Amino acid sequence: MSPHLDITAPYLPLVRRISTEGCVDAQQLLRIDHFLNHRIEPNFMFELAHELAQRLSYFQPNLILTAEASGIAPALVVAQTLRIPMVYAKKYSPQVEPPAISRIIPSPTKGGEVRLVVSARYIQPGQRVVLVDDFLAGGRTAVALIDMAREAGAEVLGAGFVVEKCYTRGRQLIEGMNVPVASLAQIESIADGQVHLRQPQTSN
């Protein structure tokens, strides 16, 4: 990793929007689905994904990998910015052209488990893969995607997320698989309805 590349520096436009517009629900979950992963603002999504693409470009990937559904929007713009293809693992109607690679992951938001499936035809041995998703929390989806890409013979070089929950084990799990993690906003804690974000460093 280049000593001059900070792939986890808080991205000020996103930090500001989370601070001013984000709300915390009864389950102490941050809700920013009005601009990130339900209602999407194309211009802001492009801005976020372009910044993430700049950070991930260091790894010189030739394939972006994500999972449906909310990972598709940022992953598509990252792929477009880097001018490389994108593949997304299916989980809502997981029928793909064989041979298929799949993993079962727990789904805290839906309850129970879901199956991630991707066709091995679209991840080739030797490809340089980076993951992109909207949120990093427990890391189960990212770990499954890394496993699937490696089973296909690809090299997973990095993982990028729009928002990272630092108080979960997601980063540790991914970095434990020797995959560096980039993120644009880092939530250090959520307590009493308040979101505590890592703040950008200011130059004197």
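Two strands count as paired here if DSSP finds at least two bridges between them. Helices (H or I, at least four residues) and strands (E, at least two) are DSSP runs, numbered from the N terminus. This is a predicted model, where local features need pLDDT of at least 70, side-chain atom pairs count only at pLDDT 80 or more, and totals for chains, interfaces and linings use all residues. Residues are numbered from 1 along each chain as its sequence is written, and side-chain values use heavy atoms, with hydrogens and water left out.

**View 1. An open sheet of 6 strands.** Follow the order S4-S3-S7-S8-S9-S10 and you'll meet mixed pairing. Strand S4 (86-89) and S10 sit at the edges with a single partner strand each, so one side of each has no neighbour in the sheet. From one strand to the next, the twist averages 30 degrees; axes are lines fitted to C-alpha atoms, for helices over the stretch in contact, and angles run from 0 to 180 degrees between N-to-C directions.

**View 2. The hairpin of S9 and S10.** Strand S9 (residues 181-191) runs antiparallel to strand S10 (residues 194-197), and 4 bridges join them. Alanine 191 has glutamine 194 in S10 as its bridge partner. Just 2 residues lie between the strands, and aspartate 192 in the turn has a positive phi of about 55 degrees.

**View 3. S8 beside S9, with a helix packed on the sheet.** Here the strands run parallel: 6 bridges join strand S8 (residues 155-165) to S9. Look for lysine 165, which stands opposite isoleucine 187 in S9. Helix H2 (residues 42-56) packs on the sheet, touching strand S7 (128-136), S8 and S9, and its direction makes about 120 degrees with that of S9. Contact means heavy atoms within 4.5 Å.

**View 4. The largest nonpolar core.** A nonpolar core is a set of buried Ala, Val, Leu, Ile, Met, Phe, Trp, Tyr and Cys residues joined through side-chain atoms within 4.5 Å; buried means under 20% relative accessible area (1.4 Å probe, protein chains only). Among the 36 residues of this one, Leu14, Ile18, Leu36 and Val163 touch the most other members. H2 gives the largest share, 7 residues. Beyond its neighbours within four places in sequence, leucine 36 is in contact with Met45, Leu48, Asp134, Phe135, Val162 and Val163.

**View 5. S5 and S6, side by side.** Strand S5 (residues 100-106) runs antiparallel to S6, with 7 bridges joining them. Serine 102 stands opposite valine 117 in S6. Strand S6 (residues 113-119) is mostly covered, with 5 of its 7 residues buried.

Notes
Buried means under 20% relative accessible area, exposed over 50%, partly exposed in between (1.4 Å probe, protein chains only).
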